[in-house]
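Thanks for coming. Please have the sequence and the model open while I talk.

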Amino acid sequence: MLNNFKPTWMVNAIYDLTPAQLQAHGIKAVLTDLDNTLIAWNNPNGTPQLKVWLAQLEAAGIPVMVVSNNSHQRVERAVAPFNLPFISRANKPLAGGITKAHQQLGLSRHEVVMVGDQLITDMHAGNVAGVRTILVKPIIDSDAWNTSINRFFEKYMMQQLLKKHTDLTWREDLND
């Protein structure tokens, strides 16, 4: 059961993923969580670094789609400045939102990757959906109240994963 939470890779930040790395692994699209993965949960404007990263992926023909548990209005407002497609109310840790996303993109499970900052929601949903997963460190140290509950349980889960899978380490990129 613990393997359902195991990320394929652990990378410091979503912005460290380059088009070349993604393409080398056969990844044609990035599905991403919203809060504390793509943008800070309390700063919907994003950063200049995010805008550069999105432009690099767009130039390489790699679409980015947000898959979030947030409401339609919240996600729509957050991604509007970036003109990103999204799936709201994804119900992670269930796989339905991720399945819907890769089908909307017209890609197979093996051509997409799910990136997120939480084991319980993002990694579990991606693994159950059969896509590769990338765990990133949260953009900021604070969380919305509901996420802080998950973080409490994730500490124990991460300890167990690291004991069982000694190859799991934080990396600068996919090829590190």
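There are 4 salt bridges in this structure, and the model is a predicted one. I will go through three of them, including two that share a lysine.

Take Lys 28 and Glu 111: their side chains form a salt bridge with an N to O distance of 2.9 Å. Lys 28 sits in the loop between α1 and β2, Glu 111 sits in the loop between α4 and β5, and the two are 83 residues apart, so this pair links distant parts of the chain. Is Lys 28 buried, exposed or partly exposed? Its relative accessibility is 45%, which makes Lys 28 partly exposed.

Now Lys 92. Its salt bridge with Asp 33 has the closest N and O atoms 2.9 Å apart. Here too, distant parts of the chain are linked: Lys 92 is in the loop between β4 and α4, Asp 33 is in the loop between β2 and α2, and these positions lie 59 residues apart in the numbering. Lys 92 and Asp 33 are both buried.

Lys 92 also forms a salt bridge with Asp 122, and there the closest N and O atoms are 2.7 Å apart. Because Asp 122 belongs to helix α5 and Lys 92 to the loop between β4 and α4, this pair ties together parts 30 residues apart in sequence. Asp 122 is buried, as is Lys 92. Through shared partners, Asp 33, Lys 92 and Asp 122 make up one network of salt bridges.

Thr 121 is also in helix α5. Thr 121 is buried at a relative accessible area of 9%. Leaving out residues up to four places away in sequence, Thr 121 touches Asn 69, Lys 92, Pro 93 and Asn 150.

The loop that holds Lys 92, between β4 (86–87) and α4 (96–104), also contains Asn 91. Asn 91 is not a glycine, yet its phi is positive, near 60°. Asn 36 is another case: its phi is about 65°, again positive and again without being a glycine. Asn 36 lies in the loop between β2 (29–32) and α2 (48–59), and it is buried with a relative accessible area of 1%. Gly 106, just after α4, has a positive phi of about 75°.

Next, strand β2. In a regular strand, side chains alternate between the two faces of the sheet. Which residues of β2 are buried on each side? Ala 29 and Leu 31 are buried on one side, Val 30 and Thr 32 on the other, so that both faces of β2 are covered. β2 runs parallel to β5 (residues 112–116), joined by 4 bridges, with Leu 31 opposite Met 114. β2 also pairs with β3 (residues 64–67), in the parallel sense over 3 bridges, and there Thr 32 faces Val 66.

Leu 38 follows in the loop between β2 and α2. What is its relative accessible area? It is 0%, so Leu 38 is buried. Beyond residues up to four places away in sequence, the contacts of Leu 38 include Tyr 15, Thr 32, Asp 33, Trp 53 and Val 66.

Two of those contacts bring us to the aromatics. The structure holds 1 aromatic pair. The ring centres of Tyr 15 and Trp 53 are 6.4 Å apart and the planes are at 70°, so the pair is edge-to-face. Tyr 15 is in the loop between β1 and α1 (19–24) and Trp 53 is in helix α2, so the pair ties together parts 38 residues apart in sequence. Both rings belong to buried residues: Tyr 15 has a relative accessible area of 15%, and Trp 53 has 1%.

On to the nonpolar cores. The largest has 28 residues, and Leu 17, Leu 22, Val 30, Trp 53 and Ile 134 touch the most other members. Its largest share, 4 residues, comes from α2. Leu 22 has contacts that include Leu 17, Ile 27, Val 30 and Val 113. Apart from this core lies another, of 15 residues, with Met 65, Ile 87, Ile 98 and Val 131 among them.

Last, helix α4. Its buried residues are Gly 97, Ile 98, Ala 101 and His 102. They sit on the same side of α4, because they cover an arc of only 125° around the axis. Among the elements covering them are β2, β3, β4, β5 and α5 (119–129).

Methods: Residues are numbered from 1 along each chain as its sequence is written. This is a predicted model: local features need pLDDT of at least 70, side-chain atom pairs count only at pLDDT 80 or more; totals for chains, interfaces and linings use all residues. Side-chain values use heavy atoms; hydrogens and water are left out. Buried means under 20% relative accessible area, exposed over 50%, partly exposed in between (1.4 Å probe, protein chains only). Two strands pair if DSSP finds at least two bridges between them. Contact means heavy atoms within 4.5 Å. The arc is that of the directions from the helix axis to the C-beta atoms. A nonpolar core is a set of buried Ala, Val, Leu, Ile, Met, Phe, Trp, Tyr and Cys residues joined through side-chain atoms within 4.5 Å. Rings of Phe, Tyr and Trp (its six-membered ring) pair if their centres lie within 6.5 Å; planes under 30 degrees apart count as stacked, over 60 as edge-to-face and the rest as tilted.
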